[in-house]
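Colleague: Please pick one part of this model and take me through it closely, residue by residue. After that, set it against the whole chain, and explain each term once as you go.

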Amino acid sequence: MLLPCLELQTSPEPQYSLIILHGLGADGEDFLPVCKALRLKDLQGGMRFVLPSAPDLPISRHNGYVMRAWYDLRPDGVLPREDEAGARASQTRIDALIQREMTRGIASEHIFLMGFSQGCAMALMTGLRFPHRLGGIIALSGYLPAPDTTASERHPANAATPIFMAHGREDDVVPIARGWHARDVLSQLGSPVSWHDYPMDHTLCLDEIRAIDRWIGEQAASASPQPGSI
């Protein structure tokens, strides 16, 4: 079954899709204001925003409290912090959303994957391994999951996919050092990373949204669907 999703469109027949993955304890509705703030004025054909909500899971780090999450988080001091099996299960669900956009007529190069915090981890995990070239990955205030297997599992189709990364310099939930680590690992693998940081904590800011807006426009302008990409 597909994840439950909210959807917005900027035109009746959009030519682009942006799938946005929320953070721990949130849901798809949390990113409705961001969708409305993205102007995308130079985007020819319009955008469909797809905002899925993660399943309800008991979170070990929060004494088993049930909340929407892409995977379990273990208590402080227990490594690895992230439940990789759970993340891979969510990867399969997100893959299905991307595939659905392709069956709806959106070229894979016109599909963008964006995530915040835990959603950022899933955007990187899924986007880098997806077997069709994506338009870009937007990784906000998060980290790179399963870094030791990223090089071997990254699909050639997305080895050169552009990545927008942003982080708050005062983030005390996901320290900026984890963002730097993700940036450095991906850069060493040859991924084209555009790094941005802002004077904020674990949140988004208007300057960041404006930068995302410009970046999507730049990637869309340079994208040209290849034969068989739909």
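**Helix α3 and the loops after it**

Modeller: Arg 129 is found in helix α3. Helices here are DSSP runs of H or I with at least four residues, strands are runs of E with at least two, and both are numbered from the N terminus. The model is predicted, so local features need pLDDT of at least 70 and side-chain atom pairs count only at pLDDT 80 or more, while totals for chains, interfaces and linings use all residues. Residues are numbered from 1 along each chain as its sequence is written, and side-chain values use heavy atoms, with hydrogens and water left out.

Arg 129 counts as buried because its relative accessible area is 9%. Buried means under 20% relative accessible area, exposed means over 50%, and partly exposed lies in between (1.4 Å probe, protein chains only). The side chain of Arg 129 has two polar partners to look at. One is the side chain of Glu 153, at 2.7 Å; another is the side chain of Thr 149, at 3.5 Å. A polar contact is a pair of N or O atoms within 3.5 Å; within protein, one must be able to donate a hydrogen and the other to accept it, and residues adjacent in sequence count only if both atoms are side-chain atoms. Leaving out residues up to four places away in sequence, Arg 129 touches Arg 88, Gln 91, Leu 124, Ala 146, Thr 149, Thr 150, Glu 153 and His 155. Contact means heavy atoms within 4.5 Å.

Helix α3 covers residues 118-129, and Thr 126 lies in it. Thr 126 is buried because its relative accessibility is 0%. A polar atom of the Thr 126 side chain lies 2.9 Å from the backbone oxygen of Met 122. Beyond its neighbours within four places in sequence, Thr 126 is in contact with Gln 91, Ile 94, Asp 95, Ile 98 and Leu 113. Gln 91 is thus a contact of Thr 126 and of Arg 129.

Next come the loops. Pro 131 sits in the loop between α3 and β7 (136-140). Its relative accessibility is 40%, so Pro 131 counts as partly exposed. Outside its neighbours within four places, Pro 131 is in contact with His 155 and Ala 157; His 155 is also touched by Arg 129. Eleven residues separate Pro 131 from Cys 120 along the chain, and their C-alpha atoms are 19 Å apart.

Ala 146 lies in the loop between β7 and α4 (147-153). Ala 146 is buried, because its relative accessible area is 17%. Beyond four places in sequence, Ala 146 is in contact with Glu 84, Arg 88 and Arg 129. The C-alpha atoms of Ala 146 and Ala 121 are 9.3 Å apart, with these positions 25 residues apart along the chain.

Now the whole chain. The protein has six helices and nine strands, and 51% of its 230 residues are buried. Among contacts with a separation of 6 or more, 73% join residues 24 or more positions apart. A compact globule of 230 residues would have a radius of gyration near 17 Å, and the protein has 16 Å, which agrees. That radius is taken over C-alpha atoms, and the globule rule is 2.2 Å times the number of residues to the power 0.38. Along the principal axes, the C-alpha atoms fill a box of roughly 50 × 35 × 35 Å.
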